[in-house]
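Reader: I should like to understand how terms such as "buried" or "core" are justified for a protein model. Could you take me through some cases?

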Amino acid sequence: MRTAHRTCPLCEAVCGLTITLDDGGRVTGVRGDDADPFSKGFICPKGASLGRLDEDPDRLSAPLVRRDGAWHEVSWPEAFAAVERGLGAVPGPSRAVYLGNPSAHTMAGTLYGTALIRSLGTRQVYSASTADQMPKHVSAGLMFGDPLAIPVPDLDRTDFLLMLGANPLESNGSLCTAPDFPGRLKALRARGGRLVVVDPRRTRTAALADEHVFARPGTDAHLLMGMVHTLFAEKLTDVRVPVTGLEELEEAAAGFTPEACAAVCGVPAERISGLARELAAAPTAAVYGRIGTCTVEFGTLAQWLVDVLNVLTGNLDRPGGAMFPCPATEGPRRRSPYTTGRWHSRVRGLPEANGELPVATLADEIETPGEGQIRALVTVAGNPVLSAPGGARLDGALARLDFMVSVDPYLNETTRHAHVILPPPRVLQSGHYDFALLGFAVRDYTRYSPPVLPTAEDRPSESQILARLAMIASGQGAEADPGLLDELILDQTLRKAVETPGSPVEGRDPAELRALLTGTTGAELRLDAMLRLGPYGAWGGRLPYDGASGGDGLSLATLREHPHGLDLGPLRPRLGEVLRTASGAVELAPETITADVARLREALGREASPFVLIGRRHLRSNNSWMHNVAPLVGGSNRCTLQIHPDDAERLGLDGRAVVRSAAGELTVPVETTDTIMRGVVSLPHGWGHAGTTQAVAAEHAGVSANVLTDASVVDPLSGNAVFNGVPVTLTPA
Ligand SMILES: Nc1nc2c(c(=O)[nH]1)N[C@H]1C(S)=C(S)[C@@H](COP(=O)(O)OP(=O)(O)OC[C@H]3O[C@@H](n4cnc5c(=O)[nH]c(N)nc54)[C@H](O)[C@@H]3O)O[C@H]1N2
Ligand SMILES: Nc1nc2c(c(=O)[nH]1)N[C@H]1C(S)=C(S)[C@@H](COP(=O)(O)OP(=O)(O)OC[C@H]3O[C@@H](n4cnc5c(=O)[nH]c(N)nc54)[C@H](O)[C@@H]3O)O[C@H]1N2
Ligand code: SF4
Ligand SMILES: [Mo]
């Protein structure tokens with residue numbers, strides 16, 4: 001028996017886990033790590049099942065190659081050689097890459113994703129971000145000058161939290177890294193704070209709140225604009241940070257009276273103005289909008305208005321408000337002003353955002369002939385057949401590719417179209433550091449988890465797999481040493497640091513610094529460099545890593561000495577460090593955004609469709625890929641269509657219903673519940689398991705909500721998919 005401590009990699013809550021293993025390396029128990037200063041012992045059912053998930057016999061243990069319709073296990077050198085042949089036959093511009101959600105969690109995805117993208121030599125870059133949070137990046141980029149400068153609610157200190165389109169009691173939080181989110185919300189209420197949840201469903205989070213406001217799907221931007229209108233009309237604004245565009249903002253809000261907005265949102269006008277007044281009157285407050293406000297037709301407008309309200313009520317960048325975390329691996333911030341649309345997609349002319357094109361147009365780019373048509377695809381940690389809008393069509397499109405390689409532990413709905421599948425080692429065989437998620441944490445915190453179990457000698461880590469793919473794509477061949485890529489990147493990082501005026505290592509020799517780095521893998525060496533150069537770093541970081549003792553600065557060695565993680569303190573105001581706009585102020589009325597307000601205004605007079613579809617999440621599920629673990633499927637975690645009992649009765653629905661949208665049709669079991677608004681139906685995504693070797697998932701197949709979602713509709717500013725507010729019709733099956 002032995003015990004190991006490790007961060008849970010399964011969702012954004014980054015809980016510390018204490019794992020017990022037997023002599024054979026099998027997991028005998030998983031519990032929350034009480035000594036973790038951030039998660040303090042919290043764990044959810046997914047984390048508790050990590051052993052089962054990791055030991056799933058259906059996970060691939062060797063690379064697979066598909067020949068004449070049959071799968072063959074091959075050696076790693078054979079697999080990489082097959083990739084070299086396949087990718088090599090397709091010129092750069094006809095290659096595409098799709099990075100899925102877990103690549104924001106793995107060290108491999110965050111450290112090697114960029115190198116892979118660059119070496120492919122293509123603008124056909126796609127990720128789950130355009131099915132998720134791209135509107136947030138665009139709005140943050142335009143307002144603050146940096147697409148990663150996304151403020152988070154100061155959950156532990158705020159007096160008033162207005163939460164829209166999030167259900168952290170199921171999701172455990174997103175773009176707001178907060179282990180034990182439920183406990184933190186209860187604490188907010190216990191200290192006399194107020195929680196208001198806006199959601200078309202009375203979720204478990206809404207049930208815990210002081211107030212739940214039902215609002216029609218896709219109308220948050222109207223609701224928030226009605227609040228902005230109230231703040232101006234009643235002279236309640238209290239701007240405390242440098243801004244531009246205040247007058248233009250007031251002009252943009254003209255006509256969005258609470259009464260006009262109420263008609264669209266289905267929220268009474270007095271509640272819209274009341275929320276604005278409460279937000280202005282609260283000692284501190286934060287507005288937080290998540291997936292339900294992003295994956296809608298006005299996604300970017302809604303994200304903009306969330307932060308506009310934080311600014312107008314004096315809550316941006318102050319304790320208890322919406323704040324910018326300071327993660328331990330924060331690098332030099334971008335210099336050039338943020339823009340989108342530097343290039344456009346070939347078929348639909350959709351603008352690039354953050355260097356990516358919308359996943360909603362991936363099928364178009366594969367199916368439409370012409371120069372630049374996608375002929376080869378690399379997927380990493382993604383299952384777009386189930387997760388992308390119009391996934392059913394993508395299923396057909398992937399089958400037409402000349403070559404596809406997938407880095408994924410499973411043969412599933414997407415990877416079955418690959419010619420080569422490269423499985424990463426198990427979670428417990430991989431080191432873990434949350435480069436991405438700790439940038440959105442409600443306390444500054446850091447923790448590194450070294451691998452718990454060794455890998456077989458000849459088996460590459462996921463970092464090495466991605467490094468090799470990058471080297472193959474850039475023409476260095478299947479046998480190139482991935483360590484060379486690490487040295488190249490380390491050299492670039494250190495060189496940049498010593499050349500930066502005012503940097504604590506300015507003028508030092510990069511080779512001397514390189515020699516000081518420790519780490520047993522390229523990924524660890526790179527982590528060490530980032531920690532040392534970071535804001536709390538051993539190489540002259542400006543912040544103490546331990547408020548009490550001062551400390552001598554972070555490095556990988558420090559993190560190894562603290563296996564439960566280190567608390568770096570509550571969030572501090574730091575707008576000045578974060579802002580990267582041309583004006584040097586928060587831009588309240590970026591032209592790109594205010595131009596889109598015309599669309600919002602037009603929608604004021606629009607007739608609502610009788611039924612719209614939204615999604616939902618369940619605590620024991622996670623997108624498409626945890627349905628193969630018996631303890632996590634079944635029970636109430638089912639793929640059903642939720643509908644209000646009055647609607648079901650009126651339509652004569654019981655048993656099964658046929659749901660039709662502009663994109664497709666599904667037959668689904670109906671579940672009546674008065675927790676959902678009339679006129680709204682809800683179906684979870686990530687189901688519809690088919691044609692794979694996942695035995696348990698096949699028994700709980702369900703249907704894919706993304707047969708119904710319409711890839712032809714996107715949020716125009718970010719290209720983000722629209723999953724919520726999809727017009728549907730319903731008939732008895
Ligand atoms: N258990 C579990 N946890 C997860 C995941 C999972 O699949 N399962 N997925 C992870 C991922 S990838 C993400 S991005 C996060 C997402 O984390 P959250 O944003 O918290 O996601 P949801 O739980 O789907 O909550 C979204 C809520 O928005 C509501 N909603 C739908 N449409 C609208 C609308 O138009 N307006 C408003 N105001 N509300 C609306 C839905 O009813 C739902 O309750 O969760 C992560 N965590
Ligand atoms: N209708 C509807 N659709 C949605 C959403 C919605 O709310 N409604 N939500 C959207 C959101 S927020 C997201 S983030 C996307 C997610 O979209 P995707 O990222 O495309 O889908 P996932 O289901 O998360 O698939 C993850 C894949 O990664 C693999 N995987 C798991 N762990 C690892 C690992 O360590 N390494 C590697 N290489 N692979 C791994 C899994 O086997 C699986 O194939 O779905 C989106 N789709
Ligand atoms: S809440 Fe998220 S990070 Fe925490 S144990 Fe559950 S799945 Fe893991
Ligand atoms: Mo997501």
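Author: What follows is a set of questions and answers on this predicted model.

Reader: Why is Asp 596 called buried?

Author: Buried means under 20% relative accessible area. Asp 596 has a value of 7%, and is therefore buried. Asp 596 is placed in helix H24, which covers residues 591-602. Leaving out residues up to four places away in sequence, Asp 596 touches Leu 301, Pro 716 and Leu 717.

Reader: What makes Asn 354 buried, partly exposed or exposed?

Author: The range between 20% and 50% relative accessible area is called partly exposed. Asn 354 has 28%, so the residue is partly exposed. Asn 354 lies in the loop between E14 and helix H15 (362-367).

Reader: And why is Asp 317 called buried?

Author: The relative accessible area of Asp 317 is 13%, which is under 20%, so Asp 317 is buried. Its place is in the loop between H14 and strand E14 (322-323).

Reader: What is the phi of Asp 317, and what is the phi of Asn 354?

Author: Asp 317 is not a glycine, yet has a positive phi of about 65 degrees. Asn 354, also not a glycine, has a positive phi of about 55 degrees. Most residues other than glycine have a negative phi.

Reader: What makes a group of residues a nonpolar core?

Author: The members must be buried residues of certain nonpolar kinds, joined through side-chain atoms within 4.5 Å. The largest such core here has 149 residues. Those with the most contacts inside this core are Leu 223, Met 227, Trp 304, Leu 422, Tyr 433 and Val 586. Helix H14 (residues 299-312) gives the most to this core, with 9 residues. There is also a second, separate core of 28 residues, which includes Leu 362, Val 385, Leu 386 and Leu 398.

Reader: Which residues does Trp 304 contact, leaving aside its neighbours within four places in sequence?

Author: Among them are Ser 139, Met 143, Met 225, Leu 249 and Leu 588. Pro 590, Ile 593, Thr 594 and Val 597 are also in contact with Trp 304.

Reader: How do you know which residues are around ligand 3?

Author: A residue counts if one of its heavy atoms lies within 4 Å of the ligand. The residues around ligand 3 include Cys 8, Cys 11, Cys 15, Cys 44, Lys 46 and Asn 172. By class, this shell has 8 nonpolar, 2 polar and 1 charged residues. The space taken by ligand 3 is the largest cavity.

Terms used:
Residues are numbered from 1 along each chain as its sequence is written. Chains are lettered from A and ligands numbered from 1 in the order in which they are written. This is a predicted model: local features need pLDDT of at least 70, side-chain atom pairs count only at pLDDT 80 or more; totals for chains, interfaces and linings use all residues. Side-chain values use heavy atoms; hydrogens and water are left out. On a 1 Å grid over the protein atoms alone, a cavity is a set of points where a 1.4 Å probe fits but cannot get out, and a pocket is an open set with protein on both sides within 12 Å along at least five of seven lines; lining residues have an atom within 4 Å of a point. A molecule sits in a cavity or pocket if more than half of its atoms lie within 2 Å of its grid points. Ala, Val, Leu, Ile, Met, Phe, Trp, Tyr, Cys and Pro count as nonpolar, Asp, Glu, Lys and Arg as charged, and the others, Gly among them, as polar. Buried means under 20% relative accessible area, exposed over 50%, partly exposed in between (1.4 Å probe, protein chains only). Helices (H or I, at least four residues) and strands (E, at least two) are DSSP runs, numbered from the N terminus. Contact means heavy atoms within 4.5 Å.
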